[in-house]
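Biologist: Please take a close look at the side-chain contacts in this chain and go through them one at a time. I would like to follow the reasoning as well as the result.

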Amino acid sequence: MKRRRSPTQIAIDNTIFRPTKLSRNKPKPIPTASEVQTFDYVYGLLRAKWDRMRTRRHRC
């Protein structure tokens, strides 16, 4: 059963995560090339292809 929150509690929860003017405008440092993490979209497709090929080979 969900508990109802009071309007005061909702207002307090919203102010906790509201950024200030200073934090919104603070420039972020540019990471070096070695710190940048990339996501390989092709790997998931290749993995599915390899799994299909392996199951076909294994059945015969």
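Modeller: Arg-5 and Asp-13 join their side chains in a salt bridge, with N and O 2.5 Å apart. This is a predicted model, so every distance here is computed from predicted atoms. The general idea is simple: side chains of opposite charge can pair when their charged atoms come close. The cut-off for the nitrogen and the carboxyl oxygen is 4 Å, and the 2.5 Å between Arg-5 and Asp-13 meets it. Arg-5 has a relative accessible area of 48%, so it is classed as partly exposed. Asp-13 has 21% and is also partly exposed, because the buried class is kept for values under 20%.

By the same rule, the count for the structure is three salt bridges. The other two share a residue. Arg-47 pairs with Asp-51, and their closest N and O atoms are 3.7 Å apart. Asp-51 also meets Arg-54, this time at 2.5 Å from N to O. Arg-47, Asp-51 and Arg-54 are thus linked in a network of salt bridges.

Why can these three residues reach one another? Part of the explanation is spacing along a helix. An α-helix has 3.6 residues a turn, so residues three or four places apart point the same way. Arg-47 and Asp-51 are both in helix H3 and sit four residues apart, which is about one turn. Asp-51 and Arg-54 are three residues apart in H3, so about one helical turn separates them too. In accessibility, the members of the network are all partly exposed: Arg-47 at 39%, Asp-51 at 27% and Arg-54 at 47%.

Now the helix itself. H3 covers residues 41-59. Its 19 residues should span 27 Å at 1.5 Å a residue, and the C-alpha atoms at its ends are 29 Å apart, which agrees. At its N-terminal end, Asp-40 acts as a cap: a side-chain oxygen of Asp-40 lies 3.3 Å from the backbone nitrogen of Val-42.

Next come the aromatic rings. A pair of rings is described by the distance of the centres and the angle of the planes. The whole structure contains two aromatic pairs. In one, the ring centres of Phe-39 and Tyr-41 are 5.0 Å apart and the planes meet at 80°, so the pair is edge-to-face. Phe-39 and Tyr-41 are both exposed. The other pair is Tyr-43 with Trp-50, whose centres are 6.3 Å apart and whose planes are at 75°, so this pair is edge-to-face as well. Angles over 60 degrees fall in that class. Tyr-43 is partly exposed at 42%, and so is Trp-50 at 41%.

These four aromatic residues also belong to a nonpolar surface patch, together with Val-42, Leu-46 and Met-53. The patch has about 770 Å² of accessible area. Met-53, with 34% relative accessibility, is partly exposed. That value is enough for the patch, because patch residues need over 30%.

Finally, the setting. The chain has three helices and zero strands, in the order α-α-α from the N terminus. Of its 60 residues, 0% are buried. The chain exposes about 7000 Å², and 59% of that comes from carbon and sulfur atoms.

Terms used
Residues are numbered from 1 along each chain as its sequence is written. This is a predicted model: local features need pLDDT of at least 70, side-chain atom pairs count only at pLDDT 80 or more; totals for chains, interfaces and linings use all residues. Side-chain values use heavy atoms; hydrogens and water are left out. Helices (H or I, at least four residues) and strands (E, at least two) are DSSP runs, numbered from the N terminus. Buried means under 20% relative accessible area, exposed over 50%, partly exposed in between (1.4 Å probe, protein chains only). Accessible areas come from the Shrake-Rupley method with a 1.4 Å probe; for residues, only the protein chains shown count as cover. Patches are made of residues with over 30% relative accessible area and no salt bridge: like charges are joined within 9 Å, nonpolar side chains (Val, Leu, Ile, Met, Phe, Trp, Tyr) within 5 Å. The expected span of a helix is 1.5 Å times one less than its number of residues. A polar contact is a pair of N or O atoms within 3.5 Å; within protein, one must be able to donate a hydrogen and the other to accept it, and residues adjacent in sequence count only if both atoms are side-chain atoms. Rings of Phe, Tyr and Trp (its six-membered ring) pair if their centres lie within 6.5 Å; planes under 30 degrees apart count as stacked, over 60 as edge-to-face and the rest as tilted.
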